[in-house]
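Q: Please take a close look at one part of this model, the place where a helix of one chain packs against a helix of the other. Set it in the context of the chains around it.

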Amino acid sequence: MLIQRLSLGLLTLFVVSVIIFLAVSMLPGDAAQAMLGQAATEETVEALRKRMGLDQPPYIRYFTWLGGILQGDFGTSIANGREISELLGGRFVNTIHLAVFAAVISVPLALILGLLAALYRNSIYDRSVNVVTLSSISTPEFFVAYILILLVSVKLGWFPSLANVSPDTPFAERLYKTFLPAMTLTLVVVAHMMRMTRAAIINLLASPYIEMAALKGINRRRIITHHALPNAWAPIVNVIVLNLAYLIVGVVVVEVVFVYPGLGQLLVDSVQRRDLPVVQACCLIFAATYVLLNLIADILSILTNPRLLHPK
Amino acid sequence: MSNLDKLTQELRAGRLSRRDFLQAATALGFGAVAPALLTTAHAMPKRGGKLTAGIGHGSTTDSLDPGSYENDFTIGGAFARFNYLTEIDNEDNLVGELAESWESPDAITWTFQLRKGVEYHNGMTMVAQDVVNSFNHHRHADSTSAAKPIVDPIVDIKADGDHVVVFTLEAGNADFPFLVSDYHIPILPTVDGQLDWMSGVGTGPYVLQSYDPGVRMTFTRNPNYWKEGRAHFDEGEMITIADVGARTNALTTGEIEMMDRCDIKTLHLLQRNSNVVVGETSGTGHYTIPMRTKVAPFDDNNIRMALKYGLDREAMLQTVLGGHGTVGNDHPIGRGQRYHASDLEQRTYDPDKAKHYLKQAGLDSIEVDLSAADAAFSGAVDAAQLYKEHAAKAGITINVKRVPADGYWSDVWNNDNHGWCFSYWGGRPTEDWMFTTAYAEGAEWNESDWSHARFNELLKAARSELDENKRRDMYVEMQTLCSNEGGAVVPVFNNYIHAKSTKVAHADSMATNWANDGQRYMERWWFN
């Protein structure tokens, strides 16, 4: 089954690459025009097209690119000739760093808040944590980011407003500099995971086996952690993984506000410049992230609840 | 600001005591910034420190190839690392940089004497052949360089020994020494017979340490820098901060010491911060609204004049630029330029005159399309809406067509399918350069597709004219022609606005050819 899923994943990646290629080709203008901008003349645009290989028909360009990918060669950026693997490397590390940092804070936080909310359902605590997390998820990310910058950076001066990291920044300093972006992302993703934890558990609390456990006289906390939670993992894991994927692929706004050199900014720059190989490479990474994380979510769900292998 | 400038000058001349200066400045409403000005006025440049600059431009697709430089990040980085044959100094005078002097008997053959013993960052010595190679980098047949229009008229470049370079042009150009100050044409070393632009090595004030396009560039001071009284910082760093809010935050929290492209809407709030000084220069940058003069109805000059009178420039200046600029007079020459036509009457908003010109064209009212996107300049769409309101009073209906910002320069601008749109010019330091680029018949970027026989004749004649007075007359006439018959509405000239920490100082006058002291802040500024 795993092999089947993996090959389906590869097929998905292939389809994604075709769609991206077509979509970028359909955008007005090409890399040569975009690069020269207002300074474009017919003559220089033609020369640049030739140098970039844009004078080739699209399908030839696509298959040349695909051939390279199959051999593990991402190619070079057509805008500045840099190796894409080198261009992506540092930024990929940055993106993963921020995603992991945010996940390490937000996942345990969401689970604990969610469990407590289920435990003390309809209490003041439950309501207030719902209000707070729902308001933070409903606020645009950049606004959350600016509020954090204003309070923590401008007024209190505790953390820098720029997540100005370079490859040789020591790990501790990196954590310090990326704290505000990680907090912003945490505020954005916690609500979803926490609500799902709460809902999944409350859903189970109505089932007969929980009632049985309650009748046996087990206390409420133990019922939730030992009886309800193991059966609730499947939906929770799925939501957590969905949010992890979001932390990797959807953070461009946070990157811009904190000037954090991640993949999102690279993708936006490259789309503007019609730098197709870089766009393709970024999109493949993002698509692969989704495919892999979904696979992991399914595997984890099945491990926690093997009955899912045998649907009714 | 002119009163304050005067005060500062008086202070420096010793006609005003520090106390009087502070009192007078406070009376003018500059109390908060006066102490900073006081230090600026007196401080001598000091060596040391690391300047971190937050720059709004810069993209991951940037390259080290000087022919590809096109944004403020790459331009600032170039002036930090490189030298050019000539330089526009901080008082806007043309001075020699790697060229010590130059001469031409006929404006066709130009002989440049090079400075001797100038070393590159890699220890090589700059020679005349490097100059030849540096120019040829932009000249060859399949060149993609943005400097091509500048180097195209060069027929021949020869090195005469190690310290003399001779340029031969296809026709006379009295401004040639200005042209070679262009940021695209730094003098670079020749390694193994090839021009070495890949390493980022030059002869300039700072040595490149690291470059991550779209992220940052770092430098250390060039210990062998030849230029006196320049390159005061020990280290420099430029960071791309695309978001103006993030840039402002970084400045107020002290993570950067200087930012460019301030947000005009919040500038008054930034000015309240006592640790920050806002600086403005009014340069050659201007907005244009070019009409395609060969597309109906813009092929009729009466219609063009009606539209020129149908715009309230003052209102546009206040609304779109918050007053940080000057009104334009439908030609592209700035007030600070050598041959600006200061006697030419300023065009003002006059719906009656607009109606009069419509009548001349045989019309009572007219409907025209105006394509706008904020790619042209920030606020272009607002400007279009304003224009629509103003012109309505003259019986002109402007349909504002919003077009995508993405791909604007390739699909909308300079295109007959969009008869009227918005555009922006960073300006050029010489009249000839500006006119040749955007108003000469047949020029690629003649955005209004204007061809005027007398104008083009004057353009050629003025270019090779070495007599100052005759040249002035010709340029004044050309500005008048442009204003009265040209295809572009030039509503405003925008100021360049930067902000810096009070710790950073610079000379009293800043160059206006580009933003941020001619983009030479790394070389010219210092920590006090």
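A: What follows starts with the helix pair, then turns to each chain and to how far the model can be read.

The model is predicted, with an ipTM of 0.78 and a pTM of 0.82.

Two packed helices are described by the angle between their axes and the distance between the axes. Here the pair consists of helix α7 of chain A, residues 141-155, and helix α8 of chain B, residues 244-252. The angle between them is about 5°, and their axes lie 11 Å apart. Because angles under 35 degrees count as roughly parallel, α7(A) is roughly parallel to α8(B). On the chain A side, the residues that meet the partner helix are A:Y146, A:I149 and A:V154. On the chain B side they are B:G245, B:A246 and B:N249. Sorted by class, this contact has four nonpolar and two polar residues, and no charged residues.

Chain A, which supplies α7, has 14 helices and zero strands. Its C-alpha trace spans about 85 × 55 × 35 Å along the principal axes. Of the 312 residues in chain A, 48% are buried. Among its contacts between residues at least 6 apart in sequence, 72% join residues at least 24 apart. The accessible surface of chain A comes to about 15,400 Å², and carbon and sulfur atoms account for 70% of that area.

Chain B also has strands, among them β20, residues 492-501, which holds B:H498. B:H498 counts as buried because its relative accessibility is 2%, and the cut-off for buried is under 20%. Leaving aside residues up to four places away in sequence, B:H498 touches B:M259, B:D260, B:C262, B:V277, B:V278 and B:G279. Later in the numbering, B:H498 also touches B:H506, B:M510, B:N516 and B:W525.

Confidence in chain B varies along the sequence. The average pLDDT of chain B is 88, and 92% of the residues score at least 70. Over residues 9-19 of chain B, however, pLDDT stays under 50, and the model has 15 contacts beyond four places in sequence for that stretch. Residues 28-42 of chain B likewise have pLDDT under 50 throughout, with 29 contacts beyond four places in sequence. Where pLDDT is low, the predicted coordinates should not be read in detail.

Notes:
Residues are numbered from 1 along each chain as its sequence is written. Chains are lettered from A and ligands numbered from 1 in the order in which they are written. This is a predicted model: local features need pLDDT of at least 70, side-chain atom pairs count only at pLDDT 80 or more; totals for chains, interfaces and linings use all residues. Side-chain values use heavy atoms; hydrogens and water are left out. pLDDT is the predictor's confidence in each residue, from 0 to 100. Contact means heavy atoms within 4.5 Å. Axes are lines fitted to C-alpha atoms, for helices over the stretch in contact, and angles run from 0 to 180 degrees between N-to-C directions. Helices (H or I, at least four residues) and strands (E, at least two) are DSSP runs, numbered from the N terminus. Angles under 35 degrees count as roughly parallel, over 145 as roughly antiparallel, 65 to 115 as roughly perpendicular and the rest as oblique. Ala, Val, Leu, Ile, Met, Phe, Trp, Tyr, Cys and Pro count as nonpolar, Asp, Glu, Lys and Arg as charged, and the others, Gly among them, as polar. Buried means under 20% relative accessible area, exposed over 50%, partly exposed in between (1.4 Å probe, protein chains only). Accessible areas come from the Shrake-Rupley method with a 1.4 Å probe; for residues, only the protein chains shown count as cover.
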